[in-house]
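Subject: Structure handover

Hi,

Here is the structure for you to look through. My notes on the binding-site residues, one helix and the two ligands follow below it.

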Amino acid sequence: MGVGKTTIGSLVAQKLDRAFIDIDEEIEKQYNMSINEIFAAHGEKAFREIEKQTIRSFCEQPLKVISLGGGAFMQPEVREICLANCFVIYLEMSWEEWKERLDLLIDTRPVLRGKDLKEIEELFYKRQEAYAINHSTLTVGSKSAEEAADDIIESVKLSEDLR
Ligand SMILES: Nc1ncnc2c1ncn2[C@@H]1O[C@H](COP(=O)(O)OP(=O)(O)OP(=O)(O)O)[C@@H](O)[C@H]1O
Ligand SMILES: O=C(O)C1=C[C@@H](O)[C@@H](O)[C@H](O)C1
Ligand SMILES: [Mg+2]
């Protein structure tokens, strides 16, 4: 969550001249509500179901750069759909670096609401096991979004060359 998938993914799409799809944004358009409002009105379970369906519909279309929401990969079916149809890149950050970003995220990521720092740290580490299942890992660290986007393009080109 909040590692920069939307920011960096949109740059990758621009640089590769591909369509960019942000799954959270697509869900917000379908409901005409913000993610916060969807969680409040329908609950997380309903959000996860629509998230899975939305991911399925876009992942089966080729030639797109797709940014998932932060918790999407926790669903085994989402992992299966993405790994079978897409080149899946995990953007990784250390806890020490990521927690400095919390102020930017706290108001717009409802899963953080009501949690103290210890609980957020537990969630951060709990998610890493699922995120580790991917085709390529990029450590974002202190890289700018531009640098991270360029690194992703290099890694995609390398994987194409190796095919
Ligand atoms: N490389 C970067 N360096 C510094 N700040 C960044 C970087 N990438 C993104 N940000 C900032 O971090 C915040 C979260 O970014 P973004 O929304 O792209 O994350 P995300 O991974 O898409 O989040 P989510 O998991 O909720 O979809 C934004 O305020 C964004 O401007
Ligand atoms: O990390 C998460 O569980 C989430 C991240 C956001 O991208 C949104 O998908 C939503 O706020 C849930
Ligand atoms: Mg995002």
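A word first on the UniProt positions: they are given in the numbering used here, feature names are shortened, and annotations may be inferred rather than shown by experiment. With that in mind, UniProt places "binding site", from an unreviewed entry, at D24, R48, G70 and R127. The same feature name, again from an unreviewed entry, is listed by UniProt for G2, V3, G4, K5, T6, T7 and R109. Please also keep in mind that this is a predicted model.

**D24 and R48**

D24 is found in helix α2, residues 23-31. Is D24 buried or exposed? D24 is buried, because 22 other C-beta atoms lie within 10 Å, and 20 or more is the cut-off for that label. Setting aside residues within four places in sequence, D24 is in contact with I35 and G69.

R48 sits in helix α3, residues 35-59. R48 has 16 C-beta neighbours inside 10 Å, so R48 counts as partly exposed.

**V3 and K5**

V3 lies in the segment before α1, which covers 5-16. V3 counts as partly exposed because it has 19 C-beta neighbours inside 10 Å. Leaving aside neighbours within four places in sequence, V3 is in contact with L91, M93, W98 and V140.

K5 belongs to helix α1. K5 has 22 C-beta neighbours inside 10 Å and therefore counts as buried. Not counting residues up to four places away in sequence, K5 touches S67, L68 and L91. L91 is thus a contact of V3 and a contact of K5.

**Helix α1**

Start with the length. At 1.5 Å a residue, the twelve residues of α1 should span 16 Å. The end C-alpha atoms of α1 are 16 Å apart, which agrees.

Which residues of α1 are buried? They are K5, I8, G9, L11 and V12. Seen down the axis of α1, the buried residues fall within an arc of 160°, so they line one face of the helix.

What do these residues pack against? The buried residues of α1 pack against the strands β1 (19-22), β2 (64-67) and β3 (89-92). They also pack against helix α8 (145-161). Just after α1, D17 takes a positive phi of about 55°.

**Ligand 1**

There are 20 residues around ligand 1. Of these, G4, K5, T6, T7 and G70 come nearest. G4, K5, T6 and T7 are also among the positions that UniProt lists for "binding site", and G70 is one of those in the other "binding site" group.

Which helix gives the most to the shell around ligand 1? α1 does, with four residues. α1 and α8 each supply at least two residues of this shell. By class, the shell around ligand 1 divides into seven nonpolar, eight polar and five charged residues.

**Ligand 2**

Ligand 2 is surrounded by M1, D24, I35, G69, G70, G71, R109, P110 and V111. D24 is in this shell, and so are I35 and G69, the two contacts given above for D24. G70 is in the shell around ligand 2 as well as among the residues that come nearest to ligand 1. R109, also in the shell around ligand 2, is one of the UniProt "binding site" positions. By class, the shell around ligand 2 has four nonpolar, three polar and two charged residues.

Best wishes

Methods: Residues are numbered from 1 along each chain as its sequence is written. Chains are lettered from A and ligands numbered from 1 in the order in which they are written. This is a predicted model: local features need pLDDT of at least 70, side-chain atom pairs count only at pLDDT 80 or more; totals for chains, interfaces and linings use all residues. A residue is buried if 20 or more other C-beta atoms lie within 10 Å of its own, exposed if 12 or fewer, and partly exposed in between; C-beta atoms are placed from the backbone. Two residues are in contact if their C-beta atoms, placed from the backbone, lie within 7 Å. A residue is near a molecule or strand if its C-beta atom, placed from the backbone, lies within 6 Å of it. Ala, Val, Leu, Ile, Met, Phe, Trp, Tyr, Cys and Pro count as nonpolar, Asp, Glu, Lys and Arg as charged, and the others, Gly among them, as polar. The expected span of a helix is 1.5 Å times one less than its number of residues. The arc is that of the directions from the helix axis to the C-beta atoms.
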